[in-house]
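User: I have a structure open in front of me and would like to learn how to read its features one by one. Could you take me through them, giving the general idea before each case?

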Amino acid sequence: MTPLLFPDNTVLINFALISRVDLLERIANTNGRWCGTVASECARSSLEPGLGDLQQMPAIFGEPLRPGTGAEHLDIRLLRDDLAQPGDPPHRHLGEAETLAIMLRRNLNGVFVTDDRSAGRLATSRGIRVVTTWSLLKLATTAKLIDADAAWGYVQTLMRLGRGRPPGVIDRRAFDRWLDPS
C-alpha cells in the first residue's frame, strides 16, 4: 500500500509561494490526507497576499480527518505540549500535534511532510517517516516532473522569502551536489 502524505501548512505555503500547487498534487497522487486543523490553517493562509493558490488544497487532500476519540484529543494536547515553547500561543503547533496524534492512534501508513524541525524530530521519535519541502522538490527532480534549473529557481525563491534552504545548499554547485550526491 502506498503511504499517505500528511502535510503541515508550512509545506503547503511553500508550494503556493512558488506557484506549484500542481506539482504537489502530482506528488501526492491521490494519496494526500490532512487533518482539520491544518485545513483550517491553510484556509486562513489562503487569504494572505500571494497565497490564493492554497484554495486548491482541499481538492488535493480531501475531507480533513478530525479527532474522533478522547484518546486522540488527549494525544493532541500532549504532543502539542511536547512541541510548545514557553510563551507560545495555545494554537501554535496544534496542526502538527493533531496530524501526529491521528497518524499514531489510527496506525496510518503515512509520511509527515513538514519543515518544522521540532515537529519532524518528534514524529521521527514516534516512528513516523518525515520529509520536507526540499525532499519533495528533490523527488520531483529525480522523477523528472521538473528539471534541475526549475528546482534551483524554486529553491532561490524560497530562500529569498526566508523559507529555509536544503541542507548544505549555499549556491548552485552545492545545490547540484545535493541533488545528485554520487
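Analyst: Let us begin with contacts, where the general idea is that two residues are in contact when heavy atoms lie within 4.5 Å. Please keep in mind throughout that this is a predicted model. With that cut-off, Leu23, Leu24 and Ile27 in helix α2 meet Leu136, Leu137, Leu139 and Ala140 in helix α8. Sorted by class, this contact of α2 with α8 has 7 nonpolar residues, and no polar or charged ones.

User: At what angle do α2 and α8 pack, and what are they therefore to each other?

Analyst: Angles from 65 to 115 degrees count as roughly perpendicular. Helix α2, residues 21-28, and helix α8, residues 133-142, pack at about 80°, with their axes 11 Å apart, and the two are therefore roughly perpendicular to each other.

User: How many of the residues of helix α1 are buried, and which ones?

Analyst: The term buried is used for a residue under 20% relative accessible area. In helix α1, which covers residues 9-17, 7 of the 9 residues are buried, so the helix is largely enclosed by the rest of the structure. The buried residues of α1 are Asn9, Val11, Leu12, Ile13, Asn14, Phe15 and Ala16. After α1 comes Ser19, with a positive phi near 55°.

User: Which other residues have a positive phi although they are not glycine, and where do they lie?

Analyst: Asn29, which is not a glycine, has a positive phi of about 45°, and its place is the loop between α2 and α3. Lys144 is likewise not a glycine and has a positive phi of about 65°; Lys144 lies in the loop between α8 and α9, and with a relative accessible area of 71% it is exposed.

User: Turning to the sheet, what is the order of its strands, and which strands stand at the edges?

Analyst: To read a sheet, one follows which strand pairs with which, and here the open sheet of 3 strands has the order β1-β2-β3 with parallel pairing. At the edges stand β1 (4-7) and β3 (129-131), each with a single partner strand, so one side of each is left without a neighbour in the sheet. On average, and ignoring direction, neighbouring strands of this sheet are turned by 30° against each other. Looking at one pair, β1 and β2 (residues 110-113) run in the parallel sense and pair over 4 bridges, and Phe6 has Phe112 in β2 as its bridge partner.

User: How many disulfides are found, and are Cys35 and Cys42 buried or exposed?

Analyst: A disulfide is called when two cysteine sulfur atoms are within 2.5 Å, and a search of the whole structure finds 0 of them. Cys35 is in no disulfide, since its nearest cysteine sulfur, that of Cys42, is 11 Å away, and this distance is too far for a bond. Both cysteines count as buried, Cys35 at 2% relative accessibility and Cys42 at 1%.

User: Where is Pro67 found, and with which residues is it in contact beyond its sequence neighbours?

Analyst: For a loop residue, it helps to look past the adjoining sequence. Pro67 is found in the loop between α4 (57-61) and α5 (70-83). Setting aside its neighbours within four places in sequence, Pro67 is in contact with Glu72, His73, Ile76, Glu98, Ile102 and Arg106. As for its distance to Leu78, the two are 11 residues apart in sequence and 14 Å apart in space, C-alpha to C-alpha.

Notes:
Residues are numbered from 1 along each chain as its sequence is written. This is a predicted model: local features need pLDDT of at least 70, side-chain atom pairs count only at pLDDT 80 or more; totals for chains, interfaces and linings use all residues. Side-chain values use heavy atoms; hydrogens and water are left out. Axes are lines fitted to C-alpha atoms, for helices over the stretch in contact, and angles run from 0 to 180 degrees between N-to-C directions. Angles under 35 degrees count as roughly parallel, over 145 as roughly antiparallel, 65 to 115 as roughly perpendicular and the rest as oblique. Ala, Val, Leu, Ile, Met, Phe, Trp, Tyr, Cys and Pro count as nonpolar, Asp, Glu, Lys and Arg as charged, and the others, Gly among them, as polar. Buried means under 20% relative accessible area, exposed over 50%, partly exposed in between (1.4 Å probe, protein chains only). Two strands pair if DSSP finds at least two bridges between them.
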